[in-house]
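User: Could you take a close look at one part of this model for me, the place where the two chains meet? I would enjoy a connected walk through it.

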Amino acid sequence: MRFFSQSFLYDEPWSIVSLAYFLRYPNPYASHVLSCDVISRTLTSTGTLLTTRLILKQGALPRWAPQGMVPRSESWVIEESEVDPYGKVVRCQSRNLDHVKVMSAQESVVLKPTEDGKTLQRTDVSIVSGFGWGLTKRIESYGLAKFKSNIQRSREGLKTILELVRHSHSHRMTLGLSTPNSPNTFANSDSTPSFNREGESSHRADAPPPLRRSNSSWTSLSRWLRAA
Amino acid sequence: MAHSLSPECTPLKKEYDSCFNAWFEGYLEPAVAASASSAERAKYSKQKAEEYERNCGKIWGQYQECVQNAVKNRGLNDLLKQAREENPLREPPSSPPS
C-alpha cells in the first residue's frame, strides 16, 4: 500500500476554487477524461450537497504490463463529493470502479478557506494492488509515480478553469459598475456592493446575491468556456 | 470530457450542467452570515433547494432517465452498487465554525 499527500494554496477565495473544481472537466489538460456524468445528487436538510459522478478515463498501460492484465485501457472512476456552503468545505473522493484487483487508487481532496481569503487544497492518495505474481510492489510504485507526475497537470487544468471563472466574475463586476442607468432596483442593489468590492476577491457574506446575477455570471462564463 | 457516457444523453447532460452550474455559483455564496442561527440556515437551505428544483428539476429527470438507462445497458449497476456499499462519505457534514 502506498500513500501520498500534498497541500496546495490557491490565491482565489473558496467559492471560486470550489466552483472551478466542479467545472474542471473538460479542460485542455484532461483529454484523458472521456465522459463525466452525474448519477446522483441530493441536497440534505442542512443544505449540504451530495453528488456522485461517474467518469470514464483513458489510461496508458506500462510496457511491462502482461497481456490481458487489463482487458481495455479505459477505466471507470466514481467520484463522491460533499459541499457544505456554511462551513465552507468541499470533500471529494475518487476511486476506480474496475480493475480494482490490479490496482485500486483512491484520491481524497478537501478544499477549505484560509483566514486570509485564499483556499487550501489537501490531497491524499492511496494505491493498493492485489495482483500478486510478484508484481504488486511494481504496480503500486507505478501507480504512485503516475499520480505524482499527473498532479501538476491536474493543477494546471484547474488553474485554467480558475482563470475563466475569475474572468467571468470580474467581467460581471465591471458590468455592474457600468450599468448605472438600468431601470429596476436589481441594478441599484447590485451596483452598490460592486463598487465596494472593486478589486477585492473576498466573497460577499452579507449581500444577498440576486438570482439573475448568478445566471448572468454563468452566461458569461459559458461564453468564455465555449470560446476557450 | 464534456460528453456523457452515452452520446444520446450528451445534449441532456449539457443542458442540465448549465442549469446546475448557474444555481451552484449562488449556492456557494450563501446569503446568510456564518453566525446565523440554524433555523435561518435551514430556511435559506430550503429556499435554495426549491430554487434548484424549480429551475433544474425537469431537465434533471430527463437526464437521469437517459443516464440510468445507459448505465444499466453497460452493465455498470453491480459495480456501482458495490462501490456505494463501501461509500465512506456517509458521515455527518461538518458544522460551521463558531
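Analyst: Happy to! Please keep in mind that this is a predicted model.

Let us begin with the extent of the contact. Chain A contributes 57 residues to it, and chain B contributes 50 residues. Together the two chains bury about 4,700 Å² between them, with 60% of that area on carbon and sulfur atoms. Which polar links go with it? Across the interface of chain A and chain B there are 15 residue pairs in polar contact, counting pairs in which both residues have pLDDT of 80 or more. Salt bridges between chain A and chain B, on the other hand, number zero.

Now for the side of chain A that touches chain B. Several elements of chain A each supply at least two residues to that side: the helices H1 (14-22), H2 (136-178) and H4 (211-227), along with the strands E2 (33-43), E3 (49-58), E4 (74-84) and E5 (89-96). Strand E2(A) gives the largest share, ten residues. By residue class, the side of chain A that touches chain B divides into 28 nonpolar, 18 polar and eleven charged residues.

One of those contributing elements, H1(A), deserves a pause. Nine of its nine residues are buried, so H1(A) is largely enclosed by the rest of the structure. Its buried residues run from A:Trp14, A:Ser15 and A:Ile16 through A:Val17, A:Ser18 and A:Leu19 to A:Ala20, A:Tyr21 and A:Phe22.

On the other side of the contact, chain B has three helices and zero strands, in the order α-α-α from the N terminus on. Of the 98 residues in chain B, 44% are buried. Chain B exposes about 5,600 Å², and carbon and sulfur atoms supply 51% of that. Among the contacts in chain B with a separation of 6 or more, 60% are between residues 24 or more positions apart.

To finish, here is a single residue of chain B to zoom in on: B:Gln64, which lies in helix H2 (residues 38-73) of chain B. Is B:Gln64 buried or exposed? The relative accessible area of B:Gln64 is 10%, and the cut-off for buried is under 20%, so B:Gln64 is buried. And what does B:Gln64 touch, leaving aside its neighbours within four places in sequence? B:Gln64 is in contact with A:Val38 and A:Ile39 of the other chain. Strand E2 of chain A spans 33-43, so you can follow B:Gln64 from helix H2 of chain B straight to its contacts A:Val38 and A:Ile39.

Notes:
Residues numbered from 1 in each chain as written. Chains lettered and ligands numbered in written order. Predicted model: local features only at pLDDT ≥ 70, side-chain atom pairs only at ≥ 80, totals over all residues. Heavy atoms only, no water. Contact = heavy atoms within 4.5 Å. Buried area = accessible area lost by both parts, 1.4 Å probe. Salt bridge = Lys/Arg side-chain N within 4 Å of Asp/Glu carboxyl O. Polar contact = N/O pair within 3.5 Å; in protein donor to acceptor, adjacent residues only side chain to side chain. Helix = DSSP H or I, 4+ residues; strand = E, 2+ residues; numbered from the N terminus. Nonpolar A, V, L, I, M, F, W, Y, C, P; charged D, E, K, R; others polar. Buried < 20%, exposed > 50% of the residue type's maximum accessible area, 1.4 Å probe, protein only. Areas by Shrake-Rupley, 256 points an atom, 1.4 Å probe, with all protein chains shown as cover.
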